[in-house]
Amino acid sequence: MKQKIQRFMAGRYGADQLGQMYMGISMVFLVISFFSRWNIFYALALALLGYTYYRMLSRQIEKRYQENQKFLNWRYQMAVKKNKRRERFAQRKIYHFYKCPSCKQKVRVPKGKGKICITCPKCKTEFIKKS
Ligand SMILES: [Zn+2]
């Protein structure tokens, strides 16, 4: 039996992080559908589960690999953003954060210095803000 499964899975993609996330989401949908009257969640859970298995059994390994890489990149970017947000939140009492009007670079300035002229470190644009 184990050999049969191994032979069946040979050349197929298998599980990855994206698949795990899809599984998790479909489980959440299933739980919601158990406690609510919305059949849409049940349908969504089944569809997502079906898609997850389709990916696992897929023979287009390169394509699935690219999908997973995209997902991992996205997850990493989210983690970086979350960290930045947390950092800014921790500094909110001492610093003001402004966006450069021309290049959108975020600039940190100390609070409580009155009106100041800020020079963007990236594009050298000057703009005046209250600190
Ligand atoms: Zn700028």
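**Figure 1. Tyr 51 and Tyr 54 in helix H3 of the predicted model.** Tyr 51 and Tyr 54 are 3 residues apart in helix H3, which means that about one helical turn separates them. An α-helix has 3.6 residues a turn, so residues three or four places apart point the same way. The rings of Tyr 51 and Tyr 54 form an aromatic pair, with 5.9 Å from centre to centre and 25° between the planes. The pair counts as stacked because planes under 30 degrees apart are classed that way. Tyr 51 has a relative accessibility of 31% and counts as partly exposed. Tyr 54 is also partly exposed, and its relative accessible area is 44%. Ring pairs join Tyr 51 and Tyr 54 with Tyr 22 in a cluster. The model has 4 aromatic pairs.

**Figure 2. The buried face of helix H3.** Helix H3 covers residues 39–56, a run of 18 residues. From its first C-alpha to its last, H3 reaches 26 Å, close to the 26 Å expected at 1.5 Å a residue. Which residues of H3 are buried? They are Phe 41, Ala 45, Leu 48, Leu 49, Thr 52 and Arg 55. Seen down the axis of H3, these buried residues fall within an arc of 120°, so they line one face of the helix. Asn 39 and Ile 40, on the other side of H3, are exposed. The buried residues of H3 pack against two helices, H2 (17–35) and H4 (61–90).

**Figure 3. Ala 45 and its surroundings.** Ala 45 is part of helix H3. Its relative accessibility is 1%, and Ala 45 counts as buried because the limit for that class is under 20%. Leaving aside neighbours within four places in sequence, Ala 45 is in contact with Ser 26, Phe 29 and Leu 30. Met 27 lies 18 residues from Ala 45 along the chain, and the C-alpha atoms of these two residues are 6.8 Å apart.

**Figure 4. Helix H4 and the buried Arg 64.** The 30 residues of H4 should span 44 Å at 1.5 Å a residue. The end C-alpha atoms of H4 are 43 Å apart, which agrees with that value. Arg 64, Asn 68 and Phe 71 are buried in H4. H2 and H3 are among the elements that cover the buried residues of H4. Is Arg 64 buried or exposed? At 3% relative accessibility, Arg 64 counts as buried. Not counting residues up to four places away in sequence, Arg 64 touches Tyr 13, Asp 16, Tyr 54, Arg 55 and Ser 58. Of these contacts, Tyr 54 is partly exposed, whereas Arg 55 is one of the buried residues of H3.

**Figure 5. Lys 63 and Gln 69 in helix H4.** Lys 63 is found in H4 and is partly exposed, with a relative accessible area of 49%. Along the chain, Lys 63 and Tyr 13 are 50 residues apart. In space, their C-alpha atoms are separated by 9.6 Å. Gln 69 is also found in H4. With a relative accessible area of 28%, Gln 69 is partly exposed. Gln 69 and Leu 18 are 51 residues apart in sequence, and 8.8 Å apart from C-alpha to C-alpha.

**Figure 6. The hairpin of strands E1 and E2.** Strand E1 (residues 95–99) and strand E2 run antiparallel and are joined by 5 bridges. The two strands form a hairpin with 6 residues between them. In the turn, Lys 104 has a positive phi of about 65°. In a regular strand the side chains alternate between the two faces of the sheet. Strand E2 (residues 106–110) has Val 107 and Val 109 on a covered face. Lys 106, Arg 108 and Pro 110 make up its uncovered face. Arg 108 in E2 stands opposite Phe 97.

**Figure 7. Two arginines over aromatic rings.** Arg 108 lies over the face of Tyr 95, at 3.9 Å from the ring centre. Arg 108 belongs to the uncovered face of E2. Arg 12 lies over the face of Phe 8. Here the distance from the ring centre is 4.3 Å.

Conventions. Residues numbered from 1 in each chain as written. Predicted model: local features only at pLDDT ≥ 70, side-chain atom pairs only at ≥ 80, totals over all residues. Heavy atoms only, no water. Helix = DSSP H or I, 4+ residues; strand = E, 2+ residues; numbered from the N terminus. Expected span 1.5 Å × (residues − 1). Buried < 20%, exposed > 50% of the residue type's maximum accessible area, 1.4 Å probe, protein only. Arc of directions from axis to C-beta. Contact = heavy atoms within 4.5 Å. Pairing = 2+ DSSP bridges. Phe/Tyr/Trp six-rings, centres within 6.5 Å; stacked < 30°, edge-to-face > 60°. Lys NZ or Arg CZ within 6 Å of the ring centre and 35° of its normal.
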